[in-house]
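Biologist: I am new to this structure and should like to learn how its features are read. May we go through them one by one?

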Amino acid sequence: MLLPGLTRPSSTPPLIFFSVSGATATSRHRRQLHRGIYHGKQCHAADIPAVLARAWAAGVDRIIVTGGSLKESREALEIAETDGRLFCTVGVHPTRCGEFEESGDPEGHFQALLALAKEGIAKGKVVAVGECGLDYDRLHFCPSDVQKKYFKKQFELAEAVKLPMFLHMRAAGEDFCEIVSENLYRFPGGVTHSFTGTSEDRDKLLSFEKMFIGHLPPPLDVTYLHTSKNLEVLQGSPAERMMIETDSPYCDIKNTHAGIKLVKSVWPSKKKEKYEPDSTVKGRNEPCLVSKYLTGLQCMNT
């Protein structure tokens, strides 16, 4: 069992991860951007309907709204229920894993996640466990020992509901791959999204036959993958093991990124202060831009 839309990038429209969650410092900010709020100031009307309309018009046929905490997984399910083309995940982001112990009842917190996942599955909406994994670039949000403990715990969730996993790995390749290796029997497949690792990390992930690599092509993830060297890492990823995603509203392609020279398609954009419903917001990423990403990939592989 694989995630909906898991296909070669050159064939049908790929799966898009449209996030309402993320790291602790950004999750609230992410939701505010889609409500038109920037640095506490209302710059334009909430525009999720317009964002989705552009995605459908661009040929995207399904979108996964990702959960990053118990609360946000509930929100993701609520959003997914508004459209037959929307799906969601249930899980806890590595930087949010402290919520298990902060709840005062870690096992109860886990059972609440399990109950939510089962509810969403019954509704035909929950398609993966996650976003979960390890993020050692953000240990100020959650220490590594807590991240590892509850990353392992979420494999129990995947095993219980028999769903694939939506995984996060940043600056933690060795520990991440060790934990995945120990738990391969617990989950039917997965994708390590927004890949920011080295060619060695890539090859280790590809050694797991049930694992796919999620890319934000080019320039990929802005925290690491925006240089020509990183394009070489991408080129080493076989198309049949690759998933293309956006991390809306983050990780847009900038003129300073190495991948910009590969981009041949554009979408009209306006600054947030001059917002128009028919244009994207300049500096923000959207699912409709996957066509831009795929054009870049095709140019890179020719």
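Biologist: In which loop does K162 lie?

Modeller: This is a predicted model, and in it K162 lies in the loop that joins α6 to β7.

Biologist: What is the sign of phi at K162, and is the residue buried or exposed?

Modeller: A backbone angle is read together with the residue type. K162 is not a glycine, yet its phi is positive, at about 60 degrees. Its relative accessible area is 60%, and over 50% counts as exposed, so K162 is exposed.

Biologist: Which residue in the loop between β7 and α7 has a positive phi?

Modeller: That residue is A171, found in the loop between β7 and α7. A171 is likewise a residue other than glycine, and its phi is near 55 degrees.

Biologist: How do the axes of α6 and α7 cross?

Modeller: For a pair of helices, one reads the approach of the axes, then the angle, then the hand. Helix α6 covers residues 144-161 and helix α7 covers residues 173-182; their axes come within 10 Å and cross at roughly 30 degrees. Angles under 35 degrees count as roughly parallel, and therefore α6 is roughly parallel to α7. The crossing of α6 past α7 is right-handed.

Biologist: Which residues of α6 and α7 meet?

Modeller: From α6 come K148, F151, K152 and F155, and they meet D175, F176, I179 and V180 of α7. By class, the residues of this contact are five nonpolar and three charged, with no polar ones.

Biologist: Let us turn to the strands. Where is M165 found, and is it buried or exposed?

Modeller: M165 is found in strand β7, which covers residues 165-170. Its relative accessible area is 0%, and under 20% counts as buried, so M165 is buried.

Biologist: With which residues is M165 in contact, leaving aside its neighbours within four places in sequence?

Modeller: A list of contacts shows which parts of a chain come together. For M165, with those neighbours left aside, the list holds V129, C132, Q154, F155, A158, F187, G189, G190 and V191. F155 also takes part in the contact of α6 with α7. As for G189, 24 residues separate it from M165 along the chain, while their C-alpha atoms are 6.5 Å apart.

Biologist: Which peptide bond is cis?

Modeller: Here one reads the omega angle. The bond from G130 to E131 is cis, with omega near 10 degrees. E131 has its place in strand β6, residues 126-135, and is buried, with a relative accessible area of 4%.

Biologist: Which residues does UniProt place under the feature "binding site"?

Modeller: Such annotations come from a record, here an unreviewed UniProt entry, and are then set beside the model. One "binding site" feature in UniProt is at H168 and H193. These two span 26 residues in sequence, yet their C-alpha atoms are no more than 5.8 Å apart, so they gather at one spot. A "binding site" annotation in UniProt, also from an unreviewed entry, covers E131 and D247.

Biologist: What surrounds H168 and E131?

Modeller: H168 lies in strand β7 and is buried, its relative accessible area being 5%. Beyond its neighbours within four places in sequence, H168 is in contact with residues including H93, P94, E131, R138, F176 and H193. Beyond the neighbours of E131 within four places, its contacts include T66, T89, H93, P94, F166, H168 and H193.

Note on methods
Residues numbered from 1 in each chain as written. Predicted model: local features only at pLDDT ≥ 70, side-chain atom pairs only at ≥ 80, totals over all residues. Heavy atoms only, no water. Axes fitted to C-alpha atoms, helices over the stretch in contact; angles between N-to-C directions. Helix = DSSP H or I, 4+ residues; strand = E, 2+ residues; numbered from the N terminus. Parallel < 35°, antiparallel > 145°, perpendicular 65-115°, else oblique. Left-handed = near helix turned anticlockwise from the far one by under 90°. Contact = heavy atoms within 4.5 Å. Nonpolar A, V, L, I, M, F, W, Y, C, P; charged D, E, K, R; others polar. Buried < 20%, exposed > 50% of the residue type's maximum accessible area, 1.4 Å probe, protein only. UniProt positions renumbered as here; feature names shortened; annotations may be inferred.
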